[in-house]
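Trainee: I would like to go through this model with you, one question at a time. Where should we begin?

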Amino acid sequence: MRERRKRIAAVTKSVWEAYRRDAFGYDEYHPASHSGTNHTRQGVGYFIADVLDTLWLMELRREYAEGRDFLSRISYDQPGSVSLFETTIRVLGGLLSAFHLSGESDTGLLRLADELGAHLSRSFNTASGIPPETAFLQHEGPVHAYDSSTAEVTTLQLEFRYLAKLTGKHMYRRCVDKIMNITFEAPKWDGLVPIYINANTKQFAGDVIRLGSRGDSYYEYLLKQWLQTRQTEPRFRAEYDAAMEGVKRYLVAVSPSQNLTFVGELLSPRNTSPVFSPKMDHLVCFLGGNLALGATQGRSLSEMSPRSLTARDREDLVLARQLTETCVQMYFDTPSKLAPEIAYFRWIDPATGTEWRFDANTQLIKPHGDIIVPFADRHNLLRPETVESLFILWRITGESKWRDYGWRIFEALERWARLPDGGGAYANLHDVTVIPPQHADKMETFFVSETLKYLYLLFSPSD
């Protein structure tokens, strides 16, 4: 396992060296053109802040020092607008994570996090407290919002709550708790919510319920806020449990040939007869790990008495394994062994006995298989959700197959995502169904900060 960790760390080091050579200090990295771009005129340290804790975990101390030194020259008192959600989870979250790994001793990182938090928190100054999706760093006064992404406004809480604890500035927590209180009171569909929430009516909006884009981390953070508070706020767990029952009742289905368990979408939920769609984003692959976390609160099964698991816990562990097997199959059924951004599944409507229609000649990625990928959805952004679930399931179950799957995915990434020019950079892929897949001129920061990190942890000791 040590050799596997060394190879994963070597890829991380290679990516950092390519970034340092081509785009050091820029928020976004464009590896094919050897360039970078910023979200604001000055930049916000987006790339470096997000990957800093990964460099520390992999003991890349020189690289960590380079990134840390750059961040010491950043100021967030600057003009410009940023995504509130992305800047919170990647920059604020990155600063706080690195501060935690320093033993909470690097006060410069906490100062930066506090400065950024103060500028971002201005976005909560709406009539309802629900922020817009864009944050203006130097904005003063009231802010206006209409429909905001459900996932985005409910995926700020872990970072702002931790910031409040560290700084003693309770307004950070009050801002994000106010959002959750609104969602707790808003009507739902058996625990499920549409992918928008209206800042004026305080009601959920939109005609789609899904655990993919704009929906995913609402469900993820319900559980993780409960865990973050040492299970002292039962409302979060109750909302999570209700949502998972809704998922199992309305969204879980099984394909006819490969018997793949997947999570679809619900269209027009306000109608008396909502429509099920057998579409599943790669983003949904977080759910396997989340279900396992919820079932054991992160404890290893080897440390637990079987009698300590409830019937629901055991059911959730079964579903966690089934969903993660499906996510792995989304990789291994393609010629590149890398998953598409979105997949559809062959599905027979149990009410009518008829199969959902698709074009088998252009969309089925494996003969006689069940995974369908329209042309527009065949790209790969080097996302972390599947390997995150593999890591969690390995830690909880101790079953070696999760490590085996993770290594096969890493080898496919190493083979196809690395740019062929010898510069050591990696990039997103346009189409995972062709060999060799063509590269895009973009590498998301989460490839280092999450995908490679979870792979590294997958092969690390549990301590």
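Mentor: Begin with a helix in this predicted model. In α11, the buried residues are F286, L287, G288, G289, N290, L291, A292, L293, G294, A295 and T296.

Trainee: How many of the residues of helix α11 are buried?

Mentor: Helix α11 spans residues 286–296 and is mostly covered. A residue counts as buried when its relative accessible area is under 20%. By that cut-off the count for α11 is 11 of 11.

Trainee: Which elements do the buried residues of α11 pack against?

Mentor: Packing here rests on contacts, that is, heavy atoms within 4.5 Å. For the buried residues of α11, the partners include a strand, β10 (261–263). The full set is α9 (216–228), α10, β10, α12 (311–332) and α14 (385–397).

Trainee: Which residue just after α11 takes a positive phi?

Mentor: The phi angle there is about 55°. The residue, just after α11, is Q297.

Trainee: Now the charged side chains. How many salt bridges are there?

Mentor: The rule asks for a side-chain nitrogen of Lys or Arg within 4 Å of a carboxyl oxygen of Asp or Glu. Some of these pairs join into a network, made up of R237, D241, E245, K248, R312, E315 and D316. The count of salt bridges by this rule is 44.

Trainee: Which residue forms a salt bridge with E63, and is E63 buried or exposed?

Mentor: The partner of E63 is K13, with the closest N and O atoms 2.6 Å apart. The pair links distant parts of the chain, E63 in helix α3 (residues 61–71) and K13 in helix α1 (residues 2–23), 50 residues apart. K13 counts as partly exposed because its relative accessibility is 28%. E63 has a relative accessibility of 2%, so E63 counts as buried.

Trainee: Where in the chain are E185 and R235, and why does E185 count as exposed?

Mentor: The side chains of E185 and R235 meet in a salt bridge at 3.9 Å, N to O. This pair also links distant parts of the chain, with E185 in helix α8 (residues 171–185) and R235 in helix α10 (residues 234–251). R235 is partly exposed, at 36% relative accessibility. E185 counts as exposed because its relative accessibility is 62%.

Trainee: Are D370 and R346 buried or exposed?

Mentor: Their side chains meet in a salt bridge of 3.0 Å, N to O. D370 lies in the loop between α13 (360–363) and β15 (371–372), and R346 in the loop between β14 (342–345) and α13, 24 residues apart. As for accessibility, D370 and R346 are both buried.

Trainee: What is the nearest side chain of opposite charge to E159?

Mentor: E159 sits in helix α7 (residues 157–167). Leaving aside neighbours within four places in sequence, its contacts are T88, I89, L92, G93, L96 and Y221. E159 is buried yet has no salt bridge. At 9.4 Å, the nearest side chain of opposite charge is K224.

Trainee: Last, L137. Why does L137 count as buried?

Mentor: L137 is in the loop between β4 (134–136) and β5 (147–149). Beyond neighbours within four places in sequence, its contacts are T40, V44, Y76, Q78, G80, V82, H119, L120 and R122. Buried means under 20% relative accessible area. L137 is buried because its relative accessible area is 0%.

Definitions and conventions
Residues are numbered from 1 along each chain as its sequence is written. This is a predicted model: local features need pLDDT of at least 70, side-chain atom pairs count only at pLDDT 80 or more; totals for chains, interfaces and linings use all residues. Side-chain values use heavy atoms; hydrogens and water are left out. Helices (H or I, at least four residues) and strands (E, at least two) are DSSP runs, numbered from the N terminus. Buried means under 20% relative accessible area, exposed over 50%, partly exposed in between (1.4 Å probe, protein chains only). Lys and Arg count as positive and Asp and Glu as negative; His and the chain ends are not counted.
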